Amino acid sequence: MKLVWSPETASNAYIHTVRSCKSYGESSVAEFLSATAAGWNTRLIVETWSRGDPIATSVGLAVAAIHTCGRHVCIVPDEESRSEYEAVMKGAVKSESTEVMVLGSAEDVVERISGVDFMVVDSKRHEFVKALGLAKTSKMGAVLVCKNATQKSIPGFKWHGVLSRGTRVVRSVFLPVGRGLEIAHVGASGGGNDLKKIPSRWIKQIDPRSGEEHLFKRASSKAKGKRIQYPVDNVDRISMLPDELLQKILSTLSTKDAVTTSSLSKRWVDQWKWRPHLSVGMRNISRTNPTSRLRELSLRVAESMTRTIDNHRGRLESCTISHFLFQCKDGTLDRWVQTVTHEKQTKELTLVNYIGCMGPFGGYNRLYLSPSTFSHPSLTSLSLTRYKLTETAFKNCSNLKTLKLFDIMSDVSVLSIVFKACSSLEVLVLQITCLNLGCVLKIENKNLQVLQVTCPTLINKMEVNAPRLEILDIKYIYCDSFLLDAPKIMFNRDYWFGAISVPHISYHISSLAQDKKRIWLELLVSQFFNMKRYGSLSVSVDLRNPNELEILMEVLLLWNEEMKDLEIIFKNNNAPREEGESSINGGARNKWLDGEKPFPDAFFRVRTVWMYNFDGSNEEEFALASRFVTQGTVIDKLMIETSTYPPVKQLMTEAKVAKLMELPKGNDYFTIECF
């Protein structure tokens with residue numbers, strides 16, 4: 001079988017299955033098989049099922065068939081199984097491609113099905129496993145799967161013992177997913193099937209629980225009955241690996257595991273010390289030990305952390321340090337930070353205060369650090385969690401480009417000093433509690449591009465002056481007055497109820513630098529005190545720019561709750577084009593205009609969409625509005641502004657809106673209005 005992998009189809013099927021299988025167990029198998037079947041673009045998917053079996057795998061395979069536009073056939077042993085299967089599947093996934101076949105034995109049905117691309121059977125049922133040998137696979141080959149492989153009905157299961165004579169197994173593998181999966185890729189007919197297979201010199205045994213693979217050398221026929229001795233050399237093979245390879249291996253491990261590898265070989269002793277990322281902390285001791293021993297244990301762990309930091313060599317790309325209040329008060333934290341910033345020249349520093357308990361050990365730790373601690377030129381990103389902020393460490397911090405303050409308590413005067421000291425900030429995240437009520441919080445920064453604010457305590461006024469600001473994310477603010485001076489941030493709706501703001505994001509979509517885009521997307525999907533992303537979104541976008549269109553889709557796909565309002569402000573910088581010309585060219589343009597897929601996907605929902613600067617003659621803008629009308633993405637209303645247009649343009653735009661009203665609607669109570 002010529003396997004051509006489609007990561008996009010696999011990803012879509014995986015996400016679809018995750019959402020469809022929320023209420024079912026063993027979904028890990030369903031998600032894996034769905035992504036595999038869809039990724040290989042299989043057109044005929046066959047499975048076996050009997051009454052009482054879990055349904056999640058069937059849901060996943062039905063989803064895969066939807067995404068490949070293929071056929072999904074389920075073989076059941078009797079009418080009772082058929083009735084139960086159809087009833088459960090009807091409530092789980094809507095699929096017209098699923099068929100159910102009933103016959104006395106699975107073998108009879110399989111013999112009547114030809115061109116199988118993907119087949120899944122249950123290893124617990126002997127008759128289902130035997131059906132694999134009778135399957136008429138596609139001329140291009142097939143993928144065969146036995147689930148529940150650790151509970152096989154056939155002892156000593158081997159693919160060549162199950163499949164029909166002459167079937168060529170290109171590759172087989174056991175995966176410790178769920179209760180085990182035996183997977184085989186069966187090749188096309190011919191191609192040397194009649195050649196005698198030479199038995200392997202190695203015996204492979206896989207631990208079904210851990211997935212570990214063990215290899216044993218098979219004794220030769222001449223040596224049977226004799227004790228075999230293999231020559232042993234004293235060459236240290238690991239020590240012969242280049243440093244770059246060893247360090248690359250270690251970069252995939254946690255700091256604790258990387259340090260542990262120093263006992264493997266003399267060559268590994270110092271390799272971990274060159275890791276570009278270091279993470280040391282005390283998170284686990286508060287989970288497994290009583291409160292009365294925290295001080296003693298934290299001091300002991302602190303000594304180990306000091307040795308780890310001191311023994312590290314070279315520079316650090318990032319460093320994470322978590323601790324208790326004892327290290328904050330006795331100066332240990334200050335020494336750690338001085339070492340990683342001034343000696344290791346860390347670029348990204350994260351400090352986390354783990355509050356082990358309340359009472360004598362709890363509360364917010366005052367951040368006792370030496371003056372100008374965060375002013376080293378190499379330090380560009382700083383993240384602080386659970387501190388009472390002091391201004392001492394923030395002197396001349398123009399080196400900082402990113403500052404994240406999570407769960408921070410502070411006076412407004414201290415925050416003002418910190419903001420002023422960090423004059424080059426481009427990303428600022430504030431999840432703060434202001435200690436002095438009724439204050440004025442000012443943020444003035446000419447370089448700031450991304451700002452996220454959460455402040456549950458009442459402040460009189462908040463002023464933001466940021467001429468380069470492109471993303472404003474207000475998660476929650478309790479504020480009497482909010483003044484914004486940021487030309488790129490545009491929104492027309494009122495997102496305030498009294499002194500409380502509704503969660504709202506304003507995004508001027510542009511070519512944001514990749515590192516800032518990564519930070520922004522992390523913030524978008526992050527949860528603070530288990531608060532899911534909800535509320536409203538305002539975007540200014542040029543749909544003729546394929547990069548901006550891609551970013552818009554990315555943001556909408558990351559929204560994990562029903563959106564209240566979506567404001568789309570179309571940019572006015574669209575130059576006239578020749579007929580048929582578009583910046584979204586080729587196949588991508590046709591896909592976008594023809595509406596082959598829901599925008600942004602089949603699961604996104606928004607209550608009301610507001611469109612500003614809508615130009616009916618712009619085919620991309622009209623296509624977007626058409627999708628919102630026909631695909632059921634918008635639940636209540638599509639509102640299009642026309643009242644601010646000159647008379648002629650207003651008439652032309654309202655004529656386009658009338659065409660939108662003629663389209664079939666995805667929701668019965670959906671309406672379109674001009675305002």
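**Figure 1. Burial and overall make-up of the predicted model.** Buried residues account for 46% of the protein's 675 residues; here buried means under 20% relative accessible area, exposed means over 50%, and partly exposed covers the range in between, with a 1.4 Å probe and protein chains only. This is a predicted model, in which local features need pLDDT of at least 70 and side-chain atom pairs count only at pLDDT 80 or more, while totals for chains, interfaces and linings use all residues. Residues are numbered from 1 along each chain as its sequence is written, and side-chain values use heavy atoms, with hydrogens and water left out. The secondary structure comes to 19 helices and 30 strands, taken as DSSP runs numbered from the N terminus (helices: H or I, at least four residues; strands: E, at least two). Of the contacts (heavy atoms within 4.5 Å) between residues at least 6 apart in sequence, 65% join residues at least 24 apart.

**Figure 2. A salt bridge between two strands, Arg71 to Glu99.** Side chains of opposite charge can pair when their charged atoms come close. The rule used here asks for a side-chain nitrogen of Lys or Arg within 4 Å of a carboxyl oxygen of Asp or Glu, and by it the count is 16 salt bridges. In this view, Arg71 and Glu99 meet at 2.7 Å, N to O. Arg71 belongs to strand S2 (residues 71–76) and Glu99 to strand S3 (residues 98–102), so the pair links distant parts of the chain, 28 residues apart. Both partners are partly exposed, Arg71 with a relative accessible area of 32% and Glu99 with 31%.

**Figure 3. A salt bridge within helix H4, and a network.** Look along helix H4 (residues 79–92) and you will find Arg82 and Glu86 four residues apart, about one turn of the helix. Their closest N and O atoms are 3.3 Å apart in a salt bridge. Arg82 is partly exposed at 29% relative accessible area, and Glu86 is partly exposed at 37%. Salt bridges also link Arg51, Glu80 and Glu84 in a network.

**Figure 4. Two loops joined by Lys488 and Glu470.** The closest N and O atoms of this salt bridge are 3.3 Å apart. Lys488 lies in the loop between strand S22 (471–485) and strand S23 (496–497), and Glu470 in the loop between strand S21 (450–465) and S22, so the pair ties together parts that are 18 residues apart in sequence. The partners sit in unlike surroundings: Lys488 is partly exposed at 30% relative accessibility, whereas Glu470 is buried at 8%.

**Figure 5. Two nonpolar cores.** A nonpolar core is a set of buried Ala, Val, Leu, Ile, Met, Phe, Trp, Tyr and Cys residues joined through side-chain atoms within 4.5 Å. The largest one has 68 residues, and Leu333, Phe374, Leu384, Leu389, Phe394 and Met462 have the most contacts inside it. Leaving aside neighbours within four places in sequence, Leu384 touches residues including Leu351, Leu367, Phe374 and Ile408. A second, separate core of 40 residues includes Phe604, Ala625, Leu638 and Leu660.

**Figure 6. Aromatic rings and the charges over them.** A pair of aromatic rings is described by the distance of the centres and the angle of the planes. Rings of Phe, Tyr and Trp (its six-membered ring) pair if their centres lie within 6.5 Å, with planes under 30 degrees apart counted as stacked, over 60 as edge-to-face and the rest as tilted. The count comes to five aromatic pairs. One of them, Phe570 with Phe614, is tilted, at 6.3 Å centre to centre and 50° between the planes. Phe570 is in strand S27 (residues 563–570) and Phe614 in the loop between strand S28 (606–612) and helix H18 (619–630), 44 residues apart; both are buried. Ring pairs also join Trp610, Tyr612 and Phe675 into a cluster. For a charge to sit over a ring, NZ of Lys or CZ of Arg must be within 6 Å of the ring centre and within 35 degrees of the ring normal. The charged end of Lys649 sits over Tyr645, 4.5 Å from the ring centre, and that of Lys656 over Phe622, at 5.6 Å.

**Figure 7. Cysteines without disulfides.** The structure holds zero disulfides, a disulfide being a pair of cysteine sulfur atoms within 2.5 Å. For Cys397, the nearest cysteine sulfur is that of Cys422, 4.8 Å away. Cys397 is buried, with a relative accessible area of 0%.
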